[in-house]
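I opened my notebook and went through this one piece by piece. Here is what I looked up, in the order I did it.

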Amino acid sequence: MSELRELYQSVILDHNRSPRNRRVPEGANRHAEGHNPLCGDHVVVHVRVAGDRIEDVGFEGGGCAISTASASLMTEAVRGLSQAEVKQLFESFHALVTSDPGREPEIGGLGKLAVFGGVREFPLRIKCATLSWHALRAALEGDGRVSTE
Ligand code: ZN
């Protein structure tokens, strides 16, 4: 388990150091801002939606390592998905990070997002991990602003 934990930490550190898709995609037509006052994290998610599909997605801002890495991995995970697929992925991700740390995590279908399973042990960090996802959902639903409080 500790080897796995080290691997997870290295993925999070890598995405924190070199965030992917930290940019405003050309032609972005949905935007939302997410704020986590408990930690000071602040992200703005920009999406280009065509029909039902996420054609491109990027973000600005960040905060602690967990929130920045989560935004980075989120943008990689959702590009090309339909809105229903994004919703399903967010539900699986949310279920993972809020699940009982004493039990085997459900990581089916989550791919690299499974690295956030470690967050389960740190309840204050759950909002850091889910902030960019809440902002993405708000962007897709047309709300411009979301706070985790
Ligand atoms: Zn944070």
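**Entry 1: the sheet.** Before counting anything I needed a rule: two strands pair if DSSP finds at least two bridges between them. I also kept in mind that I'm looking at a predicted model. With that rule I checked S2 (residues 41-50) and S3, and found nine bridges joining them, with the strands running antiparallel. One matched pair there is arginine 48, which stands opposite aspartate 56 in S3.

Next I took S1 (residues 30-36). S1 pairs with S2 in the antiparallel sense over seven bridges, and glycine 34 stands opposite valine 43 in S2. S1 also has three bridges to S4, and these two strands run parallel. Histidine 35 stands opposite serine 147 in S4.

A reminder to myself: strands of a sheet pair through backbone hydrogen bonds, either parallel or antiparallel.

In what order do the four strands of the open sheet come? I read off S3-S2-S1-S4, with mixed pairing. S3 and S4 (145-147) are at the edges with a single partner strand each, so one side of each has no neighbour in the sheet. On average, neighbouring strands are turned by 20° against each other, direction ignored.

**Entry 2: backbone angles.** I looked at the hairpin of S1 and S2, which has four residues between the strands. Glycine 40 takes a positive phi near 90° there. Then I met asparagine 21, which has a positive phi of about 60° although it is not a glycine. I noted this one because most residues other than glycine have a negative phi. Asparagine 21 sits in the loop between H1 and S1. Its relative accessibility is 15%, so I wrote it down as buried, the cut-off being under 20%.

**Entry 3: the zinc ion.** Which residues are the protein donors of the zinc ion? I listed Cys39 (SG), Asp41 (OD), Asp41 (OD), Cys64 (SG) and Cys128 (SG), lying 2.2 to 2.6 Å from the ion. Asp41 appears twice in that list. Along the sequence the donor residues are spaced C-x1-D-x22-C-x63-C. Cysteine 64 is in the loop between S3 (53-62) and H2 (65-78), while cysteine 128 is in H4 (residues 126-141), so this pair ties together parts that are 64 residues apart in sequence.

I checked how covered these two are. Cysteine 64 has a relative accessible area of 15% and is buried. Cysteine 128 counts as buried too, at 1%.

**Entry 4: alanine 65.** This residue is in helix H2. Is alanine 65 buried, exposed or partly exposed? With a relative accessible area of 28%, alanine 65 is partly exposed, because that value falls between the 20% and 50% cut-offs. Alanine 65 and cysteine 128 are 63 residues apart in sequence, but I got 8.8 Å between their C-alpha atoms. Leaving aside neighbours within four places in sequence, alanine 65 is in contact with Ile12 and Asn16.

**Entry 5: two residues of H1.** Valine 11 is in helix H1 (residues 2-17) and is buried, at 18% relative accessible area. Not counting residues up to four places away in sequence, valine 11 touches Leu73 and Val115. Valine 11 and leucine 73 are 62 residues apart in sequence and 9.4 Å apart in space, C-alpha to C-alpha.

Histidine 15 is in helix H1 as well. Its relative accessible area is 1%, so I marked histidine 15 as buried. Beyond four places in sequence, it touches Arg20, Thr68, Ala69, Ser72, Leu73, Glu76 and Lys112. Leu73 is on the list for valine 11 and on the one for histidine 15.

**Entry 6: helix H3.** I tested the length of H3 (residues 83-97). At 1.5 Å a residue, its 15 residues should span 21 Å, and the end C-alpha atoms are 21 Å apart, which agrees. The buried residues of H3 are Val86, Leu89, Phe90, Phe93, Leu96 and Val97. Looking down the axis of H3, I saw that they fall within an arc of 120°, so they line one face of the helix. These buried residues pack against S3, H2 and H4. On the other side of H3, Ala84, Lys87 and Gln88 are exposed.

Technical notes: Residues are numbered from 1 along each chain as its sequence is written. This is a predicted model: local features need pLDDT of at least 70, side-chain atom pairs count only at pLDDT 80 or more; totals for chains, interfaces and linings use all residues. Side-chain values use heavy atoms; hydrogens and water are left out. Buried means under 20% relative accessible area, exposed over 50%, partly exposed in between (1.4 Å probe, protein chains only). Contact means heavy atoms within 4.5 Å. Donors are N, O and S atoms within 2.8 Å of the metal (3.2 Å for Na, K and Ca); water is not among the atoms, so sites may look incomplete. The expected span of a helix is 1.5 Å times one less than its number of residues. The arc is that of the directions from the helix axis to the C-beta atoms. Axes are lines fitted to C-alpha atoms, for helices over the stretch in contact, and angles run from 0 to 180 degrees between N-to-C directions.
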